[in-house]
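Work through the two exercises below with the sequence and the structure open beside you. Each task is followed by a solution that goes step by step.

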Amino acid sequence: MTDAAALLASKRPDLSRARINRRYAAEKRFRLYGLIAIGAAMLMLAILLSTIVAKGYSAFLQTHIALDVTFDQSVIDPEGTRNPQTLARADYRGISREAVRDTFPEVTGRRDTRNLYKLFSTDLEFEVMRMVLADPALIGTTKRVWVKSAADIDMLSKGYINRDLPQADRRVNDQALGWYDKLDAEGRVSRLFNTTFFTTADSREPEQAGILGALVGSALTLLVTLVIVFPVGVSAAVYLEEFAPKNKWTDLIEVNINNLAAVPSIVFGLLGLAVFLNFFGLPRSAPLVGGLVLALMTLPTIIIAGRSALKAVPPSIREAALGVGASHMQTVTHHVLPLAMPGMLTGTIIGMAQALGETAPLLMIGMVAFIVDIPGSITDAATVLPVQIYLWADAPERAFVERTSAAILVLLAFLIAMNLAAILLRKKFERRW
Amino acid sequence: MSLDQPVNDSEIMETEIKVSARGVGVFYGEANALRDVDIDFRQHQVTSLIGPSGCGKSTFLRCLNRMNDTVDGCRVVGSIVLDGQNIYSKDVDPVELRARVGMVFQKPNPFPKSIYDNIGYGPRIHGMATNKTEMDEIVESSLKLAGLWDEVKDRLDEPGTGLSGGQQQRLCIARAIAVAPEVILMDEPCSALDPIATAKIEELIDELRQNYTIVIVTHSMQQAARVSQRTAFFHLGNLVEQGDTEQIFTNPVDDRTQSYITGRIG
Ligand SMILES: Nc1ncnc2c1ncn2[C@@H]1O[C@H](COP(=O)(O)OP(=O)(O)O)[C@@H](O)[C@H]1O
Ligand SMILES: [Mg+2]
């Protein structure tokens, strides 16, 4: 006893300045590493975001040209009924082309006039039609209206076309350049907010291509995924964690779920192709099938997150509920599940965010098709945001480059909105202390 | 009634037997945590279970409301008879049983809900109140009986978890008595509390004795002496000795009991 005490007494703690300083230095170093790591991550993020924004923001503007359109009553609505069906059938191509020719009275000859029309979007006649349908009071008047330019003119206006190149290497020839400069000098060129981008689906013509189709496609797909994955995932997690007997079979199931979470997503696409399309004969390219495939893919993630959320509920709460005579089921539904809900929501959102960004499995079930209509239901052909980005990134036109970045921005905004919703939901649930 | 006043023998003998355990043993898998326990608990009495850590006190207590059913791999043998019925027989529903045999745990564990909902939860799931007024009455009288009413009557909708430790434990007692149990089990209810809160709970236990049969596990021999009329000493999974609290503490029969109460084992 005394020997032990003597031994311990002979070993004094080393409280020297040098040792203490070394200890603080180690801590300082560690903090510094942390700061450097975070700084590097932030820098990468900043570079990524700023390049995307720098490349993409111009897609939110579209070059428009002012045209003096004569909305001739005798052409549009000779009988004066203002019947929308009559109005929709009128010869707007004639009206709009006349307005174009009037702007350049000096241009004659078939070839030149045809080139002149190419300054404008092929959507021109429909733009004029939409104006009339939206406001029939225009009929019988002559009005200066802003219409979309062709994509090449848009690029020229945004400075993406080098005028110093020889004409043969340029998308816009000298003739068109001259016409553009004349319009510009007259104040007839302006870059306005690109509503088309947010109100249409894909198109071969960049100036008519929009993101709304893909956005709706993504929303419908995710809706299908959520509707399947949340109830199934939560029930599976609750059953496995709270009710299933612990034996070989449940161990096997657990191992399988963990493995499924690591299976490459394209495999789920192949599964979807084989099962949903070939066996069940569900429609190709449809958000229904996309949602089913993504549900299969995200289910393991959500079950795993759900189980750990359930595990994190203190056993004392279960005992308290059982102690006042609550049944097992009541204990779970009244106490354990509400407490685990925030964690389950987090897991679900992580899974959904993963699903939102997923491309590969959707390619397998045909959601990569070129689709010009905005899907109206989960069985319509549709595409989704990441696939749209992939398609545009592949397109040769210069104007699609900026649309690719703009689409990425929309995807990021969607993601942020989803996460925000998750945080709000979690806050709401956590307010039960 | 004063706490340190010894309880006279006639009072102890008169009351009826409420719970009677015979040959109770518990296995956790292969491990035999409790062997051959025979003991009776009488009405209007507080029985203390004492003994060193790990001797099986909690295990035994949890047999009395079949809480051990919820533990994987736990097996109970023997019989425990409550009011003439073996609670381990097939026709007894453990959920119903737990409404009749309430439990208070070592660490206060209020639900993360309002004080009102903490008390009201049990009565609600057992359909004890048909309307709000009845529920209000149950909540109020439970809190009054647990001596908490005056402290919380103005903040019934505040979280139960926001109370102090001692108040939380009294809330848990109120929650237990709200479902009108006949027996209340308490597993070291004061071990997480300061001396003042402990004194309040002890006082409360003594009052509750009028209406309930109480079994309390405690580490503190002073507490056992203060609150209980009967005491049972457990050691290494065996019930070594039981008797009137007076007798156990002044004149124990078994050497192990003697060693424990004098502080030589424990
Ligand atoms: N859930 C369990 N699983 C396995 N062994 C347990 C479990 N609970 C308690 N035991 C064992 O049973 C014995 C008695 O424990 P317990 O009843 O908690 O003792 P105490 O008298 O301190 O309350 C101890 O040896 C303990 O390790
Ligand atoms: Mg214990």
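A helix here is a DSSP run of H or I with at least four residues, and helices are numbered from the N terminus. The model is a predicted one.

**Exercise 1.** Describe the shell around ligand 1 and the polar contacts made there.

*Solution.* Begin with the residues that surround ligand 1, among them Tyr28(B), Gly54(B), Lys57(B), Ser58(B) and Thr59(B). Sorted by class, this shell holds four nonpolar, five polar and one charged residues, and its largest share, three residues, comes from helix α2 (residues 57-63) of chain B. Next, take the polar atoms, for which the cut-off is 3.5 Å between N or O atoms. An oxygen atom of ligand 1 lies 2.7 Å from a polar backbone atom of Gly54(B), a nitrogen atom of the ligand is 3.3 Å from an N or O atom in the side chain of Tyr28(B), and a polar side-chain atom of Thr59(B) is found 2.5 Å from an oxygen atom of ligand 1. Finally, consider the area: ligand 1 taken alone exposes 560 Å², of which the protein buries 56%.

**Exercise 2.** Characterise the contact between chain A and chain B.

*Solution.* Start with its extent: 18 residues from chain A and 26 residues from chain B take part, and the area buried between the two chains is about 1800 Å², with carbon and sulfur atoms giving 64% of it. Then look for charged pairs, where the count is one salt bridge; Arg62(B) and Glu319(A) meet in a salt bridge through their side chains, at 3.0 Å from N to O. On the side of chain A that touches chain B, α15(A) gives the most, with seven residues.

Methods
Residues numbered from 1 in each chain as written. Chains lettered and ligands numbered in written order. Predicted model: local features only at pLDDT ≥ 70, side-chain atom pairs only at ≥ 80, totals over all residues. Heavy atoms only, no water. Near = heavy atom within 4 Å. Polar contact = N/O pair within 3.5 Å; in protein donor to acceptor, adjacent residues only side chain to side chain. Areas by Shrake-Rupley, 256 points an atom, 1.4 Å probe, with all protein chains shown as cover. Helix = DSSP H or I, 4+ residues; strand = E, 2+ residues; numbered from the N terminus. Nonpolar A, V, L, I, M, F, W, Y, C, P; charged D, E, K, R; others polar. Contact = heavy atoms within 4.5 Å. Buried area = accessible area lost by both parts, 1.4 Å probe. Salt bridge = Lys/Arg side-chain N within 4 Å of Asp/Glu carboxyl O.
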